[in-house]
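Here is a short report for a first look. Keep the structure in view while reading.

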Amino acid sequence: MSTVPYLGIVDEAGGAAIEGTQAHTVASNILEGKPIGDPPADQLEGAELYADAVHKLVAEGAELIVEKSFGHPGDDRIGGTADAIVWDADARRLTVVDFK
């Protein structure tokens with residue numbers, strides 16, 4: 001089991017999975033204007049690049065949705081979590097952004 005004190009995460013997964021969870025949490029917190037604690041420099045840099053790219057997609061009047069779970073009502077094998085969704089109703093454009 002691993003803990004991430006600056007985010008309050010306790011995880012039983014392996015190292016790479018834990019780092020991915022940490023990085024995603026930092027990125028989503030930046031998008032939502034939440035505290036990020038003191039993440040490692042490489043995680044912070046990647047999260048800031050991602051957040052900047054997402055914010056450039058959010059036009060005036062567009063809606064930003066962060067960490068949204070979805071699924072298919074007829075098939076439970078289809079689904080997941082979208083890291084960021086930008087819905088621009090005026091342009092009739094939906095953009096889904098995945099943080100890697």
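How many salt bridges does the structure hold? The structure holds four salt bridges. This is a predicted model, and the report begins with its layout.

## Layout of the chain

The chain has two helices and five strands. Read from the N terminus on, the elements run β-β-α-α-β-β-β. Helix 2 covers residues 41-57.

The chain has 100 residues, and 30% of them count as buried. Its accessible surface comes to about 6,600 Å². Carbon and sulfur atoms account for 52% of that surface. Now take the contacts between residues at least 6 apart in sequence. Of these, 32% join residues at least 24 apart.

## Salt bridges

Among the four salt bridges is one between E32 and K34. Their side chains meet at 3.2 Å, N to O. Both partners are partly exposed. E32 has a relative accessibility of 38%. K34 has a relative accessible area of 47%.

Another salt bridge joins D75 and R77, at 2.8 Å, N to O. Here the partners sit in opposite classes. D75 is buried, with a relative accessible area of 16%, whereas R77 is exposed, at 72% relative accessibility. D75 counts as buried because its value is under 20%. R77 counts as exposed because its value is over 50%.

A further salt bridge links R93 with D88. The closest N and O atoms of this pair are 3.7 Å apart. The pair still counts as a salt bridge because the cut-off is within 4 Å. D88 is buried, with a relative accessible area of 8%. R93 is partly exposed, at 44% relative accessibility.

## A negative patch

Which residues form the negative surface patch? They are E19, D42, E45, E48 and D52. Helix 2 gives the most to this patch, with four residues.

D42 lies in helix 2 and belongs to the patch. Is D42 buried or exposed? D42 is exposed, with a relative accessible area of 57%. Patch residues need over 30% relative accessible area, so D42 meets that condition. Patch residues also take part in no salt bridge, so D42 is free of one.

## Recap

The chain runs β-β-α-α-β-β-β and holds four salt bridges. D75 and D88 are buried acidic partners in such bridges. The negative patch, by contrast, draws on helix 2 for four residues.

Conventions. Residues are numbered from 1 along each chain as its sequence is written. This is a predicted model: local features need pLDDT of at least 70, side-chain atom pairs count only at pLDDT 80 or more; totals for chains, interfaces and linings use all residues. Side-chain values use heavy atoms; hydrogens and water are left out. Patches are made of residues with over 30% relative accessible area and no salt bridge: like charges are joined within 9 Å, nonpolar side chains (Val, Leu, Ile, Met, Phe, Trp, Tyr) within 5 Å. Accessible areas come from the Shrake-Rupley method with a 1.4 Å probe; for residues, only the protein chains shown count as cover. Lys and Arg count as positive and Asp and Glu as negative; His and the chain ends are not counted. The place of a charge is taken as NZ of Lys, CZ of Arg, CG of Asp or CD of Glu. Buried means under 20% relative accessible area, exposed over 50%, partly exposed in between (1.4 Å probe, protein chains only). Contact means heavy atoms within 4.5 Å.
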